[in-house]
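Welcome, and please open your viewer. We will take a short walk through one chain, selecting a few residues at each stop.

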Amino acid sequence: MNKYDDKLKKINDKHMSIFAILLIVLALINIVLCANSGNTIGLIFYIVMLVITILFLLIYFNRYSIKKENSDILDKQTLSETTTSSTSNNTLQYTEINAIQAKEIIDSNNTCIILDVRSISDYQKEHIENAICIPSETILNGNLSELTNKDAKILIYCYDGELSRLVAQYLTTQKYSDVSEFGGIIDWGYDLVSE
């Protein structure tokens with residue numbers, strides 16, 4: 001996230017907070033007025049409005065905190081353009097390759113894992129043949145149950161390359177030894193399949 005995006009996010013959060021506080025205050029005022037006048041239907045309506053507003057706020061800020069956690073993981077870890085296993089400190093790094101290189105590996109290695117980290121709905125619309133879909137959120141939350149072989153060749157892609165780099169870096173921190181990412185499906189110049 002660049003400085004402009006971060007500043008825009010803070011402005012949006014500020015406006016969302018002000019709007020939510022106004023809704024909560026209005027709901028509370030109306031709850032008091034309805035309770036004093038004996039208007040049961042109005043009271044129920046404003047209590048429901050208050051609950052919905054609070055739920056909306058929780059969902060909005062929880063969604064932001066998940067994105068922030070994913071961004072923090074990326075910020076804490078240095079992404080590398082090249083691979084190598086550093087024998088001096090046993091740090092694993094992933095390889096960034098292009099679509100042509102990925103296609104060559106897929107064609108010559110039928111045991112490699114082609115990992116699509118987009119959403120399941122995007123995967124169902126179109127994906128690379130024989131790819132498996134594990135959304136980036138699932139992986140970054142530590143659910144690696146489908147990736148049991150840490151020595152398998154794993155080729156990762158997403159829509160535009162941003163999430164695939166993040167997931168590739170995360171997998172290397174989890175001791176997966178042969179991880180490559182090849183950007184996004186928008187760069188894939190070969191056939192795609194759909195569900």
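Which residues does D116 touch, not counting residues up to four places away in sequence? Select D116 and look around: you should find Y123, H127, I132, C133, I134 and Y157. Keep in mind that this is a predicted model.

**Stop 1: D116**

D116 belongs to strand β2, which covers residues 113-116. Is D116 buried or exposed? Its relative accessibility is 0%, so D116 counts as buried. Now show the side chains of D116 and Y157: a polar contact of 2.8 Å joins them.

**Stop 2: the whole chain**

Zoom out and switch to a cartoon view. The chain has six helices and five strands. If you follow the sequence from start to end, you meet them in the pattern α-α-β-α-β-α-β-α-β-α-β. Of the 195 residues in the chain, 35% are buried. Among contacts with a separation of 6 or more, 66% are between residues 24 or more positions apart. Turn on the surface too: the chain exposes about 12,200 Å², and carbon and sulfur atoms supply 57% of that area.

**Stop 3: the aromatic rings**

How many aromatic pairs does a search of the whole structure find? The search finds four. Start with Y157 and F182, a tilted pair with 5.5 Å from centre to centre and 40° between the planes. This pair links distant parts of the chain, since Y157 is in strand β4 (residues 153-158) and F182 is in strand β5, 25 residues apart. Y157, your partner of D116 from the earlier stop, counts as buried because its relative accessibility is 0%. F182 is buried as well, at 3% relative accessibility.

Next, select W188 and Y190. Their ring centres are 5.0 Å apart and their planes lie at 65°, so this pair is edge-to-face. W188 counts as buried, at 8% relative accessibility, whereas Y190 is partly exposed at 32%. Show Y157, F182, W188 and Y190 together and you have one aromatic cluster. Before you leave, add K103: its charged end sits over the ring of Y190, 5.5 Å from the ring centre.

**Stop 4: Q101**

Select Q101, which lies in helix α3 (residues 99-108). Q101 is partly exposed, with a relative accessible area of 36%. How far apart are Q101 and F182 in sequence and in space? They are 81 residues apart in sequence, while their C-alpha atoms are 8.2 Å apart in space.

**Stop 5: helix α6 and what follows**

Colour residues 162-173 to see helix α6, which has twelve residues. From its first C-alpha to its last, α6 reaches 17 Å, close to the 16 Å expected at 1.5 Å a residue. Which residues of α6 are buried? They are S164, L166, V167, A168, Q169, Y170, L171 and T172.

After α6 comes K175, placed in the loop between α6 and β5 (178-184). K175 is not a glycine, yet its phi is positive, about 75°. With 54% relative accessibility, K175 counts as exposed.

**Last stop: N130**

Finally, select N130 in the loop between α4 (120-125) and β3 (132-133). N130 also has a positive phi, near 70°, in a residue other than glycine. Is N130 buried or exposed? N130 counts as exposed because its relative accessibility is 65%.

Conventions:
Residues numbered from 1 in each chain as written. Predicted model: local features only at pLDDT ≥ 70, side-chain atom pairs only at ≥ 80, totals over all residues. Heavy atoms only, no water. Helix = DSSP H or I, 4+ residues; strand = E, 2+ residues; numbered from the N terminus. Buried < 20%, exposed > 50% of the residue type's maximum accessible area, 1.4 Å probe, protein only. Polar contact = N/O pair within 3.5 Å; in protein donor to acceptor, adjacent residues only side chain to side chain. Contact = heavy atoms within 4.5 Å. Expected span 1.5 Å × (residues − 1). Areas by Shrake-Rupley, 256 points an atom, 1.4 Å probe, with all protein chains shown as cover. Phe/Tyr/Trp six-rings, centres within 6.5 Å; stacked < 30°, edge-to-face > 60°. Lys NZ or Arg CZ within 6 Å of the ring centre and 35° of its normal.
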